[in-house]
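Work through the exercises below with the sequence and the 3D view at hand. Each task is followed by a solution in steps.

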There are 4 protein chains.
Amino acid sequence: MALQQQAQVLRLPTAGPNDTTALAQALDRGLLRADEIVGIVGKTEGNGCVNDFTRGYATLALKVLLAERLACTMAAVEQRIALVMSGGTEGGLSPHLTVFCRRKAEERLPDAGKRLAIGIGFTRRFRPEEIGRAAQIRETAAAVRAAMAEAGIDDAADAHFVQIKCPLLTQERIGEARARGADTATQDTYESMALSRGASALGVAVALGEICAAQVADAAVGSDWSLFSGVASTSAGVELQRNEIIVLGNATGWTGDLRIEHDVMADAIDLEAARRALSRLGLAAAGQVPTEARERIVAVLAKAEAAPAGMIRGRRHIMLDDSDIHSTRHARALVGGVLAGLIGDTMLYVSGGAEHQGPAGGGPVAIIARVGSP
Amino acid sequence: MALQQQAQVLRLPTAGPNDTTALAQALDRGLLRADEIVGIVGKTEGNGCVNDFTRGYATLALKVLLAERLACTMAAVEQRIALVMSGGTEGGLSPHLTVFCRRKAEERLPDAGKRLAIGIGFTRRFRPEEIGRAAQIRETAAAVRAAMAEAGIDDAADAHFVQIKCPLLTQERIGEARARGADTATQDTYESMALSRGASALGVAVALGEICAAQVADAAVGSDWSLFSGVASTSAGVELQRNEIIVLGNATGWTGDLRIEHDVMADAIDLEAARRALSRLGLAAAGQVPTEARERIVAVLAKAEAAPAGMIRGRRHIMLDDSDIHSTRHARALVGGVLAGLIGDTMLYVSGGAEHQGPAGGGPVAIIARVGSP
Amino acid sequence: MALQQQAQVLRLPTAGPNDTTALAQALDRGLLRADEIVGIVGKTEGNGCVNDFTRGYATLALKVLLAERLACTMAAVEQRIALVMSGGTEGGLSPHLTVFCRRKAEERLPDAGKRLAIGIGFTRRFRPEEIGRAAQIRETAAAVRAAMAEAGIDDAADAHFVQIKCPLLTQERIGEARARGADTATQDTYESMALSRGASALGVAVALGEICAAQVADAAVGSDWSLFSGVASTSAGVELQRNEIIVLGNATGWTGDLRIEHDVMADAIDLEAARRALSRLGLAAAGQVPTEARERIVAVLAKAEAAPAGMIRGRRHIMLDDSDIHSTRHARALVGGVLAGLIGDTMLYVSGGAEHQGPAGGGPVAIIARVGSP
Amino acid sequence: MALQQQAQVLRLPTAGPNDTTALAQALDRGLLRADEIVGIVGKTEGNGCVNDFTRGYATLALKVLLAERLACTMAAVEQRIALVMSGGTEGGLSPHLTVFCRRKAEERLPDAGKRLAIGIGFTRRFRPEEIGRAAQIRETAAAVRAAMAEAGIDDAADAHFVQIKCPLLTQERIGEARARGADTATQDTYESMALSRGASALGVAVALGEICAAQVADAAVGSDWSLFSGVASTSAGVELQRNEIIVLGNATGWTGDLRIEHDVMADAIDLEAARRALSRLGLAAAGQVPTEARERIVAVLAKAEAAPAGMIRGRRHIMLDDSDIHSTRHARALVGGVLAGLIGDTMLYVSGGAEHQGPAGGGPVAIIARVGSP
């Protein structure tokens with residue numbers, strides 16, 4: 001019988017977007033191995049909007065470090081490790097990197113039930129006219145299923161967080177399509193980010209059976225908010241033309257002491273959703289998670305957005321009318337506060353722009369924790 | 001034996017800083033009487049910083065309405081009603097007005113134990129050189145004690161929230177002092193806001209015996225953060241030259257079904273402090289306050305600030321290094337999220353700039369709720 | 001033969017949005033008469049975007065003052081005086097009010113050629129489905145022609161600045177239309193501001209023969225930037241449902257020493273356009289306008305916008321990619337700097353959002369100056 | 001007789017902070033040689049304040065490119081090339097890099113009078129307690145003189161722009177000093193940036209005889225604004241502990257067709273100062289610089305700041321009261337507009353934070369232009 005795999009998750013603080021010191025030290029001390037890293041999901045301190053250069057800066061600094069440690073080119077680093085940076089640490093959120101590693105166990109370990117499993121997947125490159133449309137949904141669904149299969153996650157109910165980095169349209173790409181007589185979903189590059197995120201999330205929903213493929217015509221993307229995935233977390237970047245996928249779930253065939261659970265926040269202040277996820281990890285508490293339980297928590301991953309109707313439980317919010325601070329910034333601060341109050345920690349991954357990721361105004365929240373070794 | 005007094009607290013949504021519709025309707029419907037209003041504490045949607053004109057705009061709109069309803073001048077409105085507007089509804093906070101009324105009970109009611117009591121007080125006008133210094137502390141302490149006595153709050157432990165509006169220095173006032181050979185605490189008008197807030201909070205601390213008067217030299221204001229009040233909430237405004245004080249506590253001699261409790265958040269994510277206050281009101285819950293209990297809550301009042309050391313429980317926050325969004329805005333969003341997650345409501349009064357109001361990085365939180373009529 | 005009319009223009013500094021001190025003093029000193037004021041055009045220091053409450057605050061403060069001075073209600077003030085507040089004093093722009101008055105000359109004066117003439121006009125109220133469409137264009141054109149006729153401006157070439165305040169769509173208005181089965185030009189209330197400004201500007205263009213009515217289908221509004229007026233300056237506000245129009249031009253039948261000229265800036269740095277306008281007023285200079293000439297200038301009125309293509313003369317600008325500062329704020333700062341450098345004064349009216357007001361990336365600039373009494 | 005030196009200045013657009021494409025192409029095409037680059041001065045599109053990471057991002061991207069082209073380490077790139085990035089392209093300013101190269105002429109050329117000369121200098125490393133004080137002034141003065149001597153700039157009147165990158169205090173550095181019993185000029189790291197910039201500028205003033213060394217006690221730094229240099233442009237960065245100096249002037253011994261001139265803007269709208277500099281370069285014009293002259297201009301370098309008294313020529317500005325947009329951002333936008341209106345170009349280097357760099361509210365402006373080859 002094959003050796004099990006083992007997932008490792010390290011959460012490391014940063015002192016700035018380019019700060020790779022904690023990662024370098026962890027590598028130096030042998031806490032993790034560079035060649036076992038499959039993904040790094042980071043929170044950087046930019047505005048998380050169009051002119052947030054902290055994402056690219058963090059990515060460049062990580063590539064410089066990892067190219068050195070892996071003795072390869074920076075381009076090769078990008079090929080082997082999914083680097084997903086999300087900007088915005090409003091409120092009290094603390095900038096950090098979460099490093100995902102995967103290795104073969106060194107010896108056959110006793111069966112421990114399902115443990116954290118990490119699957120990686122990629123779609124083919126998209127043509128510009130496919131972005132934000134059914135083609136992107138379909139290909140994403142296929143790639144998510146493949147990543148689940150590769151990780152041995154057999155049951156859709158065992159997939160708890162699917163992080164996707166997806167492409168966007170640029171003026172060049174729109175022009176290239178037009179030259180071929182093809183029409184893109186939008187002419188607006190900013191809007192293309194939302195459409196690409198939305199289509200990618202719907203791809204996850206299709207893969208996991210949350211919605212039927214037949215339900216999602218092109219027109220639903222970015223408009224029919226009743227269609228959503230409860231586990232998708234997607235972000236668009238200019239630097240790629242395909243979707244890159246990290247599936248986090250629980251599966252047999254994996255060992256170690258980590259498990260992941262999730263739930264769906266119905267709105268931005270739905271504390272109870274996070275408490276249900278905690279409860280499934282055996283970390284239930286009245287009030288704030290106590291110290292001992294908190295120390296078992298390895299990562300908290302959530303999506304946030306301003307309720308489109310301008311109301312949270314009948315109370316007006318001002319996020320969508322604020323021309324000084326973008327609504328995604330308000331939303332991250334709010335959800336960050338809700339979760340930090342519960343968890344007692346501000347080093348949380350809360351990402352904005354939750355199109356088709358959870359219901360309108362809400363979003364998925366996933367928690368990875370040490371549940372005891374086999 | 002004298003008739004009891006009765007406090008009334010109405011929380012009203014606003015659709016903008018100048019929206020007095022809900023208050024006008026409440027007056028029209030007889031839900032409250034204009035001549036019983038003693039104070040209005042509002043959250044407006046400006047930035048809460050220097051160029052926040054929503055505070056003044058709300059104040060002007062309220063004065064226009066109340067002058068009409070009270071058939072007096074706008075100047076007279078200001079004399080009889082404390083209008084305290086606090087800017088900043090970051091995250092999900094919902095702009096609103098909390099209206100405080102006071103009336104004689106119409107008949108002698110059975111004793112119900114201590115009930116919400118409202119005391120109003122004023123200091124004399126301060127000379128510019130007194131602001132932010134021992135004189136302001138001393139006079140504030142005396143006025144707080146007087147307001148407590150007037151409200152029948154005998155025990156310092158029964159004072160749960162002391163809202164103060166205090167003056168600041170302007171170039172004119174600094175110049176006037178200098179012309180007399182007097183030196184002000186600062187030449188910087190912005191800094192004078194912090195010093196005035198701080199000295200006013202220390203005045204509360206002295207009045208309530210939280211610190212001894214002997215402890216507070218001029219130099220402690222704005223520097224020795226170990227000295228603080230756990231119930232003070234102060235804000236500085238250009239439009240006055242004295243301190244205006246609203247003391248909220250519980251006292252015999254008051255009837256109705258309202259009580260107030262408070263606790264001190266040790267840091268911005270100290271959910272447990274708010275839970276303790278809820279618990280004393282009989283509203284304890286394991287997670288988010290359930291609907292029925294939530295409907296008993298009439299007001300939530302809290303102060304927020306960025307931890308000066310740049311850390312929350314050892315995690316770096318970026319509030320103090322952010323040149324796009326002022327730290328007070330981040331802090332309100334964060335504390336607003338923490339409390340909204342607990343209470344299940346975003347219509348909260350969270351105010352920034354908590355010098356000597358709770359410990360560094362923390363602040364008082366007070367809750368008023370209906371606990372059952374006598 | 002009829003007595004001439006006389007226009008008076010007073011530019012008054014403000015110390016804040018609600019500061020009406022300079023206006024009150026001018027009234028007290030008899031520099032102008034309240035009953036001769038026909039319009040006040042102000043620059044306030046808000047962000048000029050959705051949540052700019054300084055416009056409303058200034059308007060309310062002016063209504064309070066003028067109601068007192070005119071011994072009428074605040075509603076009556078609004079009926080008789082066009083109050084147009086434009087937010088945003090980025091860069092060095094200095095907040096101020098420009099007060100326009102109109103009176104009969106007290107005696108027949110010798111003919112002085114054409115002098116500054118002020119015409120006021122109003123459209124009927126628009127139904128929601130008319131906003132941003134041909135109906136708004138057509139009615140605006142008619143009202144502009146009527147205002148010109150009323151002011152005696154016979155020749156389109158003599159109309160140099162047409163300031164319009166126009167309505168926008170709200171969720172309520174959209175819903176009301178839908179209930180009648182009518183479709184509005186947009187569902188997006190923010191976008192409706194741009195469409196209303198654009199249609200109003202096209203109305204000016206039609207009135208002045210800059211474009212033919214036949215050219216402007218609904219679809220052109222907000223999309224065909226080749227259609228524009230070189231003298232329109234429009235701003236949308238929630239508080240009205242019709243268009244209010246101030247036409248500034250030169251006409252016989254008016255006396256005094258004021259004249260107005262304008263030109264069209266082809267882009268944001270088109271200094272030469274402003275120099276041409278100065279030249280026509282006899283204020284040409286090499287370099288910055290010298291002190292003596294500067295003192296003859298009574299008002300400078302301009303529109304600004306970020307070049308939609310992201311370039312100014314082939315150089316990339318970042319205004320449209322900045323998620324911290326709205327592009328209209330950058331554009332006002334830039335055009336404000338260009339004009340302040342030329343004029344040697346920062347008390348300029350530079351307004352953002354120049355849809356169909358001048359060419360894409362450019363806008364009208366008008367100057368009123370004292371050219372010598374008859 | 002020795003061969004002359006030749007300065008080369010290339011202004012290259014960037015599409016983002018990390019965009020080195022234009023530089024790479026210029027190197028590929030042989031327009032410049034990597035080993036002749038002595039300094040790169042860039043404008044990046046961040047906020048120019050504390051959390052502006054575009055400076056570091058641009059620096060890292062340049063180091064990656066230049067290490068490759070020079071076949072050396074990134075650390076070695078930093079040793080040989082002064083990389084000075086200044087954040088903030090508000091208004092219409094266009095992000096770009098200005099690359100300064102220096103080479104020996106290939107053959108002896110006829111004498112052409114003084115031509116653009118580039119001198120590079122460094123101070124020793126400063127101890128934390130020296131920053132912002134007389135020691136930094138004195139050492140900077142010596143290093144500026146040395147850089148002038150090295151470049152053959154004999155006459156102080158021939159030094160037209162001195163760009164300095166200087167260190168700042170961090171908590172670590174302050175602590176290290178304190179451990180030795182030494183006291184730093186400030187405990188506030190942000191304030192240390194201003195003090196270091198100020199002391200560095202005063203060092204330039206001393207070197208050029210603009211002020212006497214005897215005039216400048218520690219206490220003058222950051223307080224006595226009557227002391228300033230008309231050619232200094234300084235910026236503080238965390239990545240160095242010494243001052244790095246680029247002196248730009250005119251000198252014999254240099255050939256080519258470039259010259260530099262400068263003047264001092266008395267306030268932010270002092271167009272005439274820039275016109276005087278243009279005039280000395282033979283580029284005088286009545287209004288905007290015409291196309292042919294504009295094409296001779298190679299770089300425009302200026303400093304900007306908000307007038308500390310809150311007024312520009314008696315008109316109130318709001319820069320210092322704006323809690324949404326930092327005053328340095330307003331000031332760059334304003335001065336950028338003034339100069340873009342004159343030059344007809346937005347690719348200008350306008351840098352904020354002008355302590356002791358020009359008079360209060362003003363600053364130096366220098367222009368490099370092609371004046372014709374020998």
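**Exercise 1.** In this predicted model, find how many salt bridges cross the interface of chain D and chain C, and describe the side of chain D that touches chain C.

*Solution.*
- Step 1. The rule finds 4 salt bridges across the interface of chain D and chain C. One pair, D:Arg315 with C:Asp345, has its closest N and O atoms 2.9 Å apart.
- Step 2. Elements of chain D that give two or more residues to this side are helix 7 (271–280), strand 13 (315–316) and helix 9 (327–343). Helix 9 of chain D gives the most, with 8 residues.
- Step 3. Sorted by class, the side of chain D that touches chain C holds 15 nonpolar, 14 polar and 13 charged residues.

**Exercise 2.** State the extent of the contact between chain D and chain C, and which three residues of chain D supply the most buried area.

*Solution.*
- Step 1. Chain D brings 42 residues into contact with 43 residues of chain C.
- Step 2. About 3200 Å² is buried between chain D and chain C, and carbon and sulfur atoms give 53% of that area.
- Step 3. Of the area that chain D buries against chain C, 20% comes from D:Gln288, D:Arg315 and D:Arg316, more than from any other three residues.

**Exercise 3.** List the buried residues of helix 7 of chain A and say what covers them.

*Solution.*
- Step 1. Within residues 271–280 of chain A, the buried residues are A:Leu271, A:Ala273, A:Ala274, A:Arg275, A:Ala277 and A:Leu278.
- Step 2. From chain A, the cover includes strand 10 (258–265), strand 11 (297–304), helix 9 (327–343) and strand 15 (363–370). Helix 9 (327–343) of chain B is also part of the cover.
- Step 3. Just after the helix, A:Gly282 has a positive phi of about 75 degrees.

**Exercise 4.** Is A:Gln357 buried or exposed, and what does A:Gln357 touch?

*Solution.*
- Step 1. An unreviewed UniProt entry lists A:Gln357 under "binding site", together with A:Glu305, A:Ala354, A:Gly358, A:Pro359 and A:Gly362. These positions are spread over 58 residues of sequence, yet their largest C-alpha distance is 9.8 Å.
- Step 2. A:Gln357 sits in the loop between strand 14 (349–352) and strand 15 of chain A. A:Gln357 counts as buried because its relative accessibility is 0%, and the cut-off is under 20%.
- Step 3. Beyond four places in sequence, A:Gln357 touches residues including A:Arg197, A:Phe228, A:Thr234 and A:Lys303. A polar atom of its side chain lies 3.0 Å from the backbone nitrogen of A:Thr234.

Key
Residues numbered from 1 in each chain as written. Chains lettered and ligands numbered in written order. Predicted model: local features only at pLDDT ≥ 70, side-chain atom pairs only at ≥ 80, totals over all residues. Heavy atoms only, no water. Contact = heavy atoms within 4.5 Å. Buried area = accessible area lost by both parts, 1.4 Å probe. Salt bridge = Lys/Arg side-chain N within 4 Å of Asp/Glu carboxyl O. Helix = DSSP H or I, 4+ residues; strand = E, 2+ residues; numbered from the N terminus. Nonpolar A, V, L, I, M, F, W, Y, C, P; charged D, E, K, R; others polar. Buried < 20%, exposed > 50% of the residue type's maximum accessible area, 1.4 Å probe, protein only. UniProt positions renumbered as here; feature names shortened; annotations may be inferred. Polar contact = N/O pair within 3.5 Å; in protein donor to acceptor, adjacent residues only side chain to side chain.
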